Amino acid sequence: MNLLSAKDTVHVEICLKQNENHLETLENLLEIPVREYIAVVKVPLGESVKINEIIIEGNSALADLKLIESLLIERENKQNGEVLSETDLQNLSLHFYSPLRRVMELETFDIDSGDTGECDAVPASNHWLLPSSSFLHSWENLIYEDGLKEKLLKFALSALIFSQHSVNPHIISCNRLILLHGPPGTGKTSLCKALAQKLAIRVRRTFRHTHLIEINSHSLFSKWFSESGKLVMRLFAKIREIVVDPNNLVCVLIDEVESLAYARDCMSGQEPKDAMRVVNALLTQLDAIKEHPNVLILATSNLADTIDLAFLDRADIKQYIGMPNIVAIKTIYTKMLDEMMRVGIILEQSLKENDNHEGLLSALAERSQGLSGRALRKLPFLAHAVHTTSSDFDLNGKIELSDFLDAMLAALE
Ligand code: ADP
């Protein structure tokens, strides 16, 4: 078992086109060509890239690289866009994976509704096998201040290392519980899912399967109010069935945890006993499940102030996720505009080398401060739908970049 990696390890994540049944064969086949490719081609760090077909054309040694969907190279201390040095090339750690595309990957839990023997699917929970095609590239596309994502990943890996080494919890406390809190729309849920996906890719040699189980506390609590205590127990019973197999890594995502773990000391006298029961059930279940070394709990909250203290106490790390800063906003916009150029809605033009574009983009980012990532992601569509006129389109129906940036500014107003 080896979850540890040296500080200067360069992680290369290789996403394959083939299905996972042939993963080990493909891994053996592709290891050398991938190393050769990376030594020749300057792949930028931190960006998921497609293999350059021109380079493998006519080079029989590299022909097998056609089996690869994309490559992502990462190092702990990296500047975005930086390329690998000679020393880096000596420290490559390759992680091959093929994302699971099966429709089956998403299941709802069937919760037996008791004496009647009927089964009610609880829509408040989802189950994915990771790495899943649903979360492909979401890690790279979540933009935060430098080092934030890396810190969370290191934290999760350390927590797993401690539990895998059976560190005595009475000597060193580690609950394997990460809480992300902050305003809505800042990417907390997406980041938890992306983190679970990242772990699935990185820990495949230790855990054969990684599961992500999402509990949407808010809908669970509102839909099943009086029953939710019982449902929490049943949900965890299902989770335990997966956890007992030590080959499984189970990431449990409790979204909007304040709904389930509402602070007991804030409850007024009239507050229904059910709410109290839910908090108790959740805490008991969490304590029971964390006895298993292969569980990681990820929780998100928009209102950390209202979370029960006993839950907060159990969190090993409470990370505040705020609105994106101006640098992050610019990166998010650049990625969105690149995507619109890639698909051909906007005319392919350089954002960086044109002063006019650069100026417009800066103005746009400046005025977007205070908006959430979710709001930013909606802007291009709004701009296209409401703020472009027929004169903005050329003969091929494409829009000039500067016209589109104007439309984005108008949409922002
Ligand atoms: P939260 O759980 O904080 O309410 P979500 O995870 O539901 O937020 O995110 C909403 C949407 O906004 C997602 O599509 C996500 O990709 C996007 N988003 C939010 N913050 C960022 C960010 N910092 N970088 C990129 N995308 C973001």
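## Overall build

The protein chain has 14 helices and 10 strands. Its radius of gyration comes out at 24 Å, close to the 22 Å that the globule rule gives for 413 residues, so the chain is as compact as a globular protein of that length. Keep in mind that this is a predicted model.

If you want a feel for the dimensions, the C-alpha trace spans about 65 × 55 × 45 Å along its principal axes.

## Domains and how they meet

The domain assignment cuts the protein chain into domain 1 (10-97), domain 2 (103-320) and domain 3 (326-412). Where domain 2 and domain 3 touch, nine residues come from domain 2 and eight residues from domain 3. On the domain 2 side of that contact you'll find four nonpolar residues, four polar ones and one charged.

## Around the ligand

Now for the ligand. It has 18 residues around it, and the closest are G187, K188, T189, S190 and G373. Sorted by class, the shell around the ligand holds seven nonpolar, eight polar and three charged residues.

Where does the shell come from? Domain 2 (103-320) and domain 3 (326-412) each put in at least three residues. In terms of helices, at least two shell residues apiece are supplied by helix 6 (188-202), helix 11 (326-343) and helix 13 (373-387).

## A three-stranded sheet

One part worth tracing on screen is an open sheet of three strands, running in the order 2-1-3 with mixed pairing. Its edges are strand 2 (68-75) and strand 3 (92-97), each of which pairs on one side only. On average, neighbouring strands in this sheet are turned by 20° against each other, if you ignore direction. As a reminder, strands of a sheet pair through backbone hydrogen bonds, either parallel or antiparallel.

Strand 1 (residues 10-16) and strand 3 go the parallel way, with six bridges between them. To find your place in that pairing, look for V10, which stands opposite L92 in strand 3. Helix 1 (residues 23-40) packs on the sheet and touches both strand 1 and strand 3. The direction of helix 1 makes about 135° with that of strand 3.

## Backbone oddities in one loop

The loop between strand 5 (119-130) and helix 4 (138-141) deserves a look, as P131 sits there. The peptide bond leading from L130 into P131 is cis, with omega near -5°.

H137 is found in that loop between strand 5 and helix 4 too. What is the sign of phi at H137, positive or negative? Phi there is positive, about 65°, although H137 is not a glycine. If you're stepping through the backbone residue by residue, P131 and H137 are two places in this loop to pause.

Definitions and conventions: Residues are numbered from 1 along each chain as its sequence is written. This is a predicted model: local features need pLDDT of at least 70, side-chain atom pairs count only at pLDDT 80 or more; totals for chains, interfaces and linings use all residues. A residue is near a molecule or strand if its C-beta atom, placed from the backbone, lies within 6 Å of it. Helices (H or I, at least four residues) and strands (E, at least two) are DSSP runs, numbered from the N terminus. Ala, Val, Leu, Ile, Met, Phe, Trp, Tyr, Cys and Pro count as nonpolar, Asp, Glu, Lys and Arg as charged, and the others, Gly among them, as polar. Domain bounds come from an automatic or database domain assignment. Two residues are in contact if their C-beta atoms, placed from the backbone, lie within 7 Å. Two strands pair if DSSP finds at least two bridges between them. Axes are lines fitted to C-alpha atoms, for helices over the stretch in contact, and angles run from 0 to 180 degrees between N-to-C directions. The radius of gyration is taken over C-alpha atoms; the globule rule is 2.2 Å times the number of residues to the power 0.38.
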